[in-house]
Amino acid sequence: MDWKEVKRFAYAGQAFIPVNVENRGDSVKLFFRSGETKLLDVQSSLFLKRLLTFFGTSISINRHRYGELVGKKQLVPIVLSYGFTIIPFNVREPVGRQSRVGWFVSREIEQFRQRSPQCTTIHLLSGHQIPVFHSRKFCIDQLKNAKWIEMCYGEIHEPHRRQWINGSAVCETVVM
């Protein structure tokens, strides 16, 4: 997998989900704001790992730091930067050890439509519609958790960021 796909997703992505592709197996499907989709011949978990590496974080760090705040150990939203949080939802029944989790950019979610008691369709701003195996209430709670985590992220990082924006942070050069 090329890093340009990770960069492209960071710039214009809306969601990525694991899919089974005939003659290839477990792959990842990317959804973009333009309405385009793209299949990559890598597992969803590897794409997630590369995306998190691109932003300098990991699942374990986020679970540890933010999981307790929202009272979860699994399916914890991950904040990547200011206003860029990805939310996990179960999107398929796994076969063997395959991942069942798809990741959605919180700011790209337009609405949730209940299809059955345990199935909801997520509507993205581009018009993409992706079914997930959760109730509408769970989906709304996940969105609330993502917003809460974004606020906590801002509390942690905002004082440092404000120094750089206002120009009050001083960079010292060591001359030898």
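**Entry 1. Asn145**

I take buried to mean under 20% relative accessible area. The model I am reading is a predicted one. I began with Asn145, which I located in helix α4, residues 136-166. Is Asn145 buried or exposed? With a relative accessible area of 16%, Asn145 is buried, because this value falls under the cut-off of 20%. I then listed the contacts of Asn145, leaving aside neighbours within four places in sequence, and found Val70, Lys72 and Pro77.

**Entry 2. The sheet of six strands**

I traced an open sheet of 6 strands and noted the order β3-β2-β1-β6-β5-β4, with antiparallel pairing. Its edge strands are β3 and β4, each of which pairs on one side only. Direction ignored, I recorded an average turn of 25° between neighbouring strands of this sheet.

I looked up one pair inside the sheet. Strands β5 and β6 run antiparallel and are joined by 5 bridges. Ile87 has Phe104 in β6 as its bridge partner. Helix α1 packs on the sheet and touches β1, β2, β3, β5 and β6. I noted that the direction of α1 makes about 135° with that of β1.

**Entry 3. Helix α1**

Which residues of helix α1 are buried? In this helix, residues 3-12, I listed Glu5, Val6, Phe9, Ala10 and Ala12 as buried. I followed these buried residues outward and found them packed against β1 (13-21), β2 (25-32), β3 (37-40), β5 (84-90) and β6 (101-105), and also against helix α2 (44-54).

**Entry 4. Helix α2**

I listed the buried residues of α2 as Ser44, Phe47, Leu48, Leu51 and Leu52. Viewed down the axis of α2, these buried residues fall within an arc of 135°, so they line one face of the helix. Just after α2, I noted a positive phi of about 75° at Gly56.

**Entry 5. The nonpolar cores**

I turned to the largest nonpolar core, which has 22 residues. Which of its residues touch the most other members? They are Phe9, Phe16, Leu30, Phe47 and Ile86. The elements that give two or more residues to this core are the helices α1 and α2 and the strands β2, β4 (78-81), β5 and β6.

I also recorded a second, separate core of 17 residues, which includes Ala15, Ile87, Phe89 and Ile130. Ile87 is thus a member of this second core and is bridged to Phe104 in β6.

I then examined Phe16. Neighbours within four places in sequence were left aside. Among the contacts of Phe16 I found Phe9, Leu30 and Phe47, which, with Phe16 itself, are among the residues that touch the most other members of the largest core. Phe16 is also in contact with Ser44, Leu48 and Leu51, which are among the buried residues of α2. The rest of my list for Phe16 holds Val28, Lys29, Gly102 and Trp103.

**Entry 6. The sheet of three strands**

I traced another open sheet, of 3 strands, in the order β7-β8-β9 and with antiparallel pairing. The edge strands, β7 (109-116) and β9 (129-132), each pair on one side only. I recorded an average twist of 25° from one strand to the next. Strand β8, residues 119-124, pairs with β9 in the antiparallel sense over 4 bridges. Within this region I found Thr121 opposite Pro131 in β9.

**Entry 7. Positive phi outside glycine**

I looked up two residues other than glycine with positive phi. Asn23 has a phi near 70° and lies in the loop between β1 and β2. Asn23 is exposed, with a relative accessible area of 78%. Leu75 has a positive phi of about 55° and is placed in the loop between α3 (59-70) and β4. At 19% relative accessibility, Leu75 counts as buried, whereas Asn23 is exposed.

**Entry 8. The cysteines**

How many disulfides does the structure hold? I found 0 disulfides. Why are Cys119 and Cys139 not bonded to each other? The sulfur of Cys119 is 9.0 Å from the closest cysteine sulfur, in Cys139, which is too far for a bond, because a disulfide needs the pair of sulfur atoms to lie within 2.5 Å. I checked the burial of both residues: Cys119 is buried at a relative accessible area of 12%, and Cys139 is buried at 0%.

Definitions and conventions: Residues numbered from 1 in each chain as written. Predicted model: local features only at pLDDT ≥ 70, side-chain atom pairs only at ≥ 80, totals over all residues. Heavy atoms only, no water. Buried < 20%, exposed > 50% of the residue type's maximum accessible area, 1.4 Å probe, protein only. Contact = heavy atoms within 4.5 Å. Pairing = 2+ DSSP bridges. Axes fitted to C-alpha atoms, helices over the stretch in contact; angles between N-to-C directions. Core = buried A, V, L, I, M, F, W, Y, C linked by side-chain atoms within 4.5 Å. Arc of directions from axis to C-beta.
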